[in-house]
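Here are my notes, written to be read with the model open beside you. I hope they help you find your way around.

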Amino acid sequence: MTHPVDVHVGKRIRHRRWLVGMTQQQLAEKVGIKFQQIQKYETGANRVSASRLWDIADALSTPVSFFFEGMDGEDSPEVPSDAQIANSVPRDILGDKEALDLIRSYYSIPEHQRRRLFELARVLSDVA
């Protein structure tokens, strides 16, 4: 039986991998394991040891603490506090592949254009 912490950490590994645009195979190669093991970690079927989690965090350029964010009912920083907006935003925004693709695309835009796009989105969301 899978432990809820293992499932949570696995989901966070998958989310971070998607966010940086890395395949399971690429992550496995960086960590020195087979991609099937990454699959097992991501589903929570296998526990990730501390040293392996350290290696995964390094390969994904994130602190180890990232994988534990959102545990114990902590509010996710992605969820707005405004009640109307919060009801329209998925609680686990990082679980949405489309949202991750949008974030990845957004950060690939040059900074000056990204700021203009952000302002446009802000104006459009205020109108809606």
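The numbered points below go from the overall fold to helix packing, salt bridges and the surface.

1. **What kind of model this is.** Please keep in mind that you are looking at a predicted model. Every distance, angle and area mentioned below is computed from that prediction.

2. **The overall fold.** The protein has seven helices and zero strands. Going along the sequence, you will therefore meet the pattern α-α-α-α-α-α-α, with helices defined as DSSP runs. Of the contacts between residues at least 6 apart in sequence, 55% join residues that are at least 24 apart.

3. **Inside and outside.** How much of the protein is buried? Of its 128 residues, 29% fall in that class. The exposed area comes to about 8,800 Å², and carbon and sulfur atoms supply 54% of this surface.

4. **Helix H1 against helix H3.** The axes of H1 and H3 come within 6 Å and cross at roughly 120 degrees. This angle makes H1 oblique to H3. On the H1 side, the contact is made by Asp6, Val7, Gly10, Lys11, Ile13, Arg14 and Arg17, and on the H3 side by Tyr41, Glu42 and Thr43.

5. **Helix H2 against helix H3.** H3 also packs with helix H2 (residues 24-31), at an angle of about 105 degrees and with the axes 8 Å apart. Here H2 is roughly perpendicular to H3, because angles from 65 to 115 degrees are counted that way. If you want to find the contact on screen, look for Gln24, Gln25, Leu27 and Ala28 in H2, which meet Phe35, Ile38, Gln39 and Glu42 in H3.

6. **Asp6, a good place to zoom in.** Asp6 sits in helix H1 and counts as buried, at 14% relative accessibility. Leaving aside residues up to four places away in sequence, Asp6 touches Tyr41, Gly44 and Arg47. Asp6 and Arg47 are 41 residues apart along the chain, yet their C-alpha atoms are separated by 5.7 Å.

7. **Salt bridges in general.** How many salt bridges does the structure hold? There are five, and the next three points take up some of them. As a reminder, side chains of opposite charge can pair when their charged atoms come close.

8. **Arg17 and Glu42.** These two side chains meet in a salt bridge, at 2.6 Å from N to O. Arg17 belongs to helix H1 and Glu42 to helix H3 (residues 35-43), so the pair links distant parts of the chain, 25 residues apart, with the helices taken as DSSP runs. Are the two partners buried or exposed? Both Arg17 and Glu42 are buried. You have met both already: Arg17 and Glu42 are among the residues in the contact between H1 and H3, and Glu42 is also one of the H3 residues that meet H2.

9. **Arg12 and Glu69.** Another salt bridge joins Glu69 to Arg12, with the closest N and O atoms 3.0 Å apart. Why does this pair tie together separate parts of the protein? Arg12 is in helix H1 (residues 4-20), while Glu69 lies in the loop between helix H4 (50-59) and helix H5 (83-88), so the bridge connects parts that are 57 residues apart in sequence. From C-alpha to C-alpha, Arg12 and Glu69 are 8.4 Å apart in space. Arg12 is buried, with a relative accessible area of 8%, whereas Glu69 is partly exposed at 35%.

10. **Arg115 and Glu111.** This salt bridge has its closest N and O atoms 2.6 Å apart. Arg115 and Glu111 are four residues apart in helix H7 (residues 111-127), which means that about one helical turn separates them. Arg115 is exposed, with a relative accessible area of 54%, and Glu111 is partly exposed at 44%.

11. **A nonpolar patch.** Leu117, Leu120 and Leu124 make a nonpolar surface patch of about 270 Å². Leu120 lies in helix H7 and is partly exposed, with a relative accessible area of 45%. Try colouring these three leucines to see the patch on the surface.

Terms used: Residues numbered from 1 in each chain as written. Predicted model: local features only at pLDDT ≥ 70, side-chain atom pairs only at ≥ 80, totals over all residues. Heavy atoms only, no water. Helix = DSSP H or I, 4+ residues; strand = E, 2+ residues; numbered from the N terminus. Buried < 20%, exposed > 50% of the residue type's maximum accessible area, 1.4 Å probe, protein only. Contact = heavy atoms within 4.5 Å. Areas by Shrake-Rupley, 256 points an atom, 1.4 Å probe, with all protein chains shown as cover. Salt bridge = Lys/Arg side-chain N within 4 Å of Asp/Glu carboxyl O. Patch = residues over 30% accessible without salt bridge, like charges linked within 9 Å, V, L, I, M, F, W, Y side chains within 5 Å. Axes fitted to C-alpha atoms, helices over the stretch in contact; angles between N-to-C directions. Parallel < 35°, antiparallel > 145°, perpendicular 65-115°, else oblique.
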